[in-house]
Amino acid sequence: MGRSLGIHHKYHMSGDLHIGAILSQIFISSDEISFRQDPAEKSQGYTVHFLPDFTYLASMELLSTWGKFVPNYKCDTQNNPATVIGGPTSEVCLFMADILCAYKFSQITYGSAPLMDKKNEAVFLHRMFPSGSYQYTGILNLILHFQWTWIGVIYVDNEMGERFVHNVLPVFVQNGICFDFIKAVNHVNFFSEIETMVNKFIETSYLFWTSTANVVILKDVQSVLVLRIWIIIPFHYDLPKINKVWILSAEIDFASLPIQRDWGLSFINGALSVSLLPKKVSGFHEFLQNRKPDTYQEDGFIGDFWQHAFMCSFPGLNLEESPENICTEENKLETLPMSVFEMSMSSLSYSIYNAVYAAAHALHDIDSSSFKHGIRDLQKMQPWQLHHFLKRVIFNNTVGEQISFNTNGELVAGFDIINWVTFPNETFNRVKVGRIEPQSLPTIEFTVHEDAIVWPSWFNQAQPLSLCNDQCYPGYSKRKKEGEPFCCYDCIPCPEGKISAKKDMDNCFQCPKDHYPNKNRDFCILKSLTFLTFEEALGTSLASSALFLFCVTALVLGIFIKHRDTPIVKANNRTLTYTLLLSLLLSFLCALLFIGQPWKVTCLFRQTSFGIIFSVAVSSVLAKTVTVILAFQATKPESKLRKWLGKRMATSIVISSLLIQATICTVWLSTFPPFPDLDVNSMAEEVILECNEGSITMFYCLLGFMAFLSLCSFTAAFYARKLPDSFNEAKFITFSMLVFCSVWISFVPTYLSTKGKYMVAVEIFSILASSAGLLGCIFFPKCYIILLRPDLNTREQVMKRKH
């Protein structure tokens with residue numbers, strides 16, 4: 001193999017037992033091999049370590065004699081690695097597993113876990129990382145918690161990314177999340193792809209700038225350095241700054257290129273990530289302080305890192321040498337800006353730290369039980385023998401956290417929700433603001449402390465919204481826009497009678513029956529209870545009218561009793577006259593039962609008493625009319641009607657009518673009587689306290705019998721109107737019944753078209769008007785004669801006949 005295909009960044013230490021590692025440490029690219037010249041003839045360069053051929057090469061070198069790479073051949077048994085740690089990307093882990101699983105090597109991965117389709121490969125893989133489903137569930141819960149329904153997604157174009165799009169994002173959609181964009185980005189492997197890379201960066205940057213989504217998920221975009229390039233591009237095209245809330249996956253690190261150290265850190269301020277927040281490991285800071293390029297000559301990485309980090313040169317190395325900037329011992333790691341190097345342990349470093357201790361504890365367990373398992377010399381242990389102990393390892397690390405694996409070989413742990421906070425001095429801090437705890441399965445416990453979150457300054461340090469359009473305010477509902485995602489909608493006012501009390505309601509809804517919508521249709525108002533009271537003007541006027549007419553009727557009755565022996569009173573059955581006046585007195589009092597709060601007793605008796613009293617009154621009028629007709633018919637020679645003259649006929653009419661109406665009322669009260677009820681539907685803003693008539697059929701039977709009596713009275717009076725009587729009472733009865741019938745005929749449609757207390761007022765008015773019509777038309781002419789024309793109140797005048 002050509003020299004340039006070797007791995008230049010590698011490190012080896014002698015020891016009794018070895019733990020191998022294939023790690024990502026630096027991002028350096030070279031030109032793609034064109035196969036037109038010997039790669040060895042080209043200047044020394046480095047290819048990106050994510051490429052499969054270099055991962056395969058590194059895996060094979062671990063299985064070979066150190067420094068003498070011969071595939072499938074190892075001449076010593078002292079340097080066999082017990083296990084291999086790999087990461088951070090799923091590609092590194094997957095390519096590494098292709099080689100190492102064939103040799104039954106146990107592997108501990110950190111960062112993204114690869115998707116293993118082969119069970120015989122997956123069993124040798126242990127993930128120093130919780131299940132990825134917890135991470136996705138945590139991100140979903142985070143988005144739902146802040147009600148971000150319009151987001152963007154950037155993912156790496158690989159198998160893991162495709163599975164994320166096809167398996168995870170549909171779950172987001174099912175929970176009401178829409179996507180402004182879902183963009184795949186590619187790895188850049190060679191400098192020869194720089195033009196393509198720049199175009200892709202510009203394209204993605206424009207996508208961010210034009211997107212209306214304020215929240216963007218970065219899935220498996222391994223390093224912040226890529227995000228920093230996207231952010232800086234608008235400055236070179238005189239475009240507004242890209243202002244987003246970034247949701248970062250757990251695997252992301254803060255590695256940056258040296259040229260990015262002066263770009264500022266504000267772009268990451270306010271970002272949220274789901275991560276394993278490392279604890280402070282004792283001694284790690286001191287360990288970094290003692291690291292120098294000449295500490296370990298075998299370390300092929302530290303020298304390159306030092307030159308890039310401090311922008312200096314070591315004489316003799318194949319890098320551009322600058323006499324003015326020679327690397328010296330004065331270069332200290334703690335002086336580097338955080339955007340270049342962090343002195344604290346990152347989450348990925350913490351995972352590697354725990355992976356080493358997990359392997360060490362597994363080896364210790366083997367050594368403690370070596371006789372039982374037939375392993376007498378750890379140096380001669382076969383790689384597959386570690387697997388049994390590694391999957392059962394459980395220990396507390398130096399910071400007190402328990403480390404163990406579940407049955408799937410995944411780390412038993414939850415995720416922290418991290419808020420990235422930057423400061424003017426170009427430092428930053430990762431602040432824990434929540435937790436995703438999978439130990440509470442089958443549900444995942446999710447907590448977030450909103451008050452602890454620092455939001456980006458361009459959102460005025462307030463929680464940003466990320467919606468396709470403005471929210472629909474209360475009083476409006478959503479209507480989907482044709483051809484747009486379901487998160488994009490128009491806001492339409494709620495229809496009459498409905499409300500929406502919250503923002504972004506899918507539908508307006510009816511208020512409870514005892515409530516009604518306010519003017520803005522955003523909440524329900526309790527309906528006021530209403531009924532016809534004595535205190536209000538309408539009730540007072542009707543009650544006053546009833547009492548006034550009662551007094552007038554009583555006065556008329558008094559006049560007729562005082563002048564009971566006069567001819568005009570004695571004529572046409574004095575008893576019927578008193579009966580009619582008494583029934584009119586009671587009818588005026590009966591009207592008072594309809595005013596005031598309905599009670600059970602008043603509901604039972606107001607319609608029935610009204611029906612019986614009016615039946616007596618109308619039947620009395622009918623009896624008087626029939627008496628007049630019979631009186632004139634009986635005077636004819638050989639008339640057979642003389643035997644019907646007298647009180648028996650009139651009394652029979654009144655009593656039979658009373659009994660019929662009483663029977664109707666008795667049946668009504670014994671089957672389905674009236675009762676107090678609340679009518680919540682008739683009035684928009686009021687609940688009507690009313691008397692429910694119970695059986696509407698019986699109510700209309702009561703009114704029907706009254707109508708029958710009224711029709712009979714009117715017909716009889718109309719027939720007798722031209723009889724030769726000096727006072728011709730039949731004419732007055734005809735007119736009175738015409739008024740009575742007109743009132744009650746107009747009552748029916750008016751009663752049915754009004755609601756609430758006005759319906760009651762219509763019935764009271766009809767009672768008063770019809771009763772007053774009978775009183776006025778029948779008795780006022782007689783009172784006029786009795787009081788003002790006593791000369792006409794003589795027997796001669798009564799018996800006088802018209803010619």
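The exercises below, each with a worked solution, concern a predicted model of one chain.

**Exercise 1. The chain as a whole**

Find how many helices and strands the chain has, and what share of its residues is buried.

Solution. Begin with the secondary structure, which comes to 21 helices and 23 strands. Turn next to burial: of the 803 residues in the chain, 48% are buried. For the surface that remains, the chain exposes about 40000 Å², and carbon and sulfur atoms supply 58% of this area. Finally, consider the contacts with a separation of 6 or more, where residues 24 or more positions apart account for 68%.

**Exercise 2. The surroundings of strand 8**

Determine which residues of strand 8 lie on each of its faces, and which strands pair with strand 8.

Solution. First, locate strand 8 at residues 245–248, where V245 and I247 are on one side and W246 and L248 are on the other. Since buried means under 20% relative accessible area, check each of these four against that cut-off: all are buried, and both faces of the strand are covered. Next, look along the strand for its partners. Strand 7, residues 215–219, pairs with strand 8 in the parallel sense over four bridges, while strand 9, residues 272–275, pairs with strand 8, also in the parallel sense, over two bridges. As a last step, take I247 as a reference point: I217 stands opposite I247, and I247 in turn stands opposite L272 in strand 9.

**Exercise 3. Helix 12**

Explain why helix 12 is described as largely enclosed by the rest of the structure.

Solution. Start by listing the buried residues of helix 12, which are P383, Q385, L386, H387, F389 and L390. Then compare this list with the helix itself, which runs over residues 383–390: six of the eight residues are buried, so helix 12 is largely enclosed by the rest of the structure.

**Exercise 4. A sheet of three strands**

Work out the strand order of the open sheet that has mixed pairing, and identify its edge strands.

Solution. Read the order across the sheet, which is 21-23-22. The edge strands, each pairing on one side only, are strand 21 (528–530) and strand 22 (675–679). From one strand to the next, the twist averages 30°. Strand 21 pairs with strand 23, residues 686–692, in the parallel sense over three bridges, and within strand 23 it is V687 that stands opposite L529.

**Exercise 5. Aromatic rings**

Find which lysine lies over the face of F164 and which over the face of Y489.

Solution. Over F164 lies K219, at 5.7 Å from the ring centre, and over Y489 lies K478, at 4.7 Å from the ring centre.

Notes. Residues are numbered from 1 along each chain as its sequence is written. This is a predicted model: local features need pLDDT of at least 70, side-chain atom pairs count only at pLDDT 80 or more; totals for chains, interfaces and linings use all residues. Side-chain values use heavy atoms; hydrogens and water are left out. Buried means under 20% relative accessible area, exposed over 50%, partly exposed in between (1.4 Å probe, protein chains only). Contact means heavy atoms within 4.5 Å. Accessible areas come from the Shrake-Rupley method with a 1.4 Å probe; for residues, only the protein chains shown count as cover. Two strands pair if DSSP finds at least two bridges between them. A charge sits over a ring if NZ of Lys or CZ of Arg is within 6 Å of the ring centre and within 35 degrees of the ring normal. Axes are lines fitted to C-alpha atoms, for helices over the stretch in contact, and angles run from 0 to 180 degrees between N-to-C directions.
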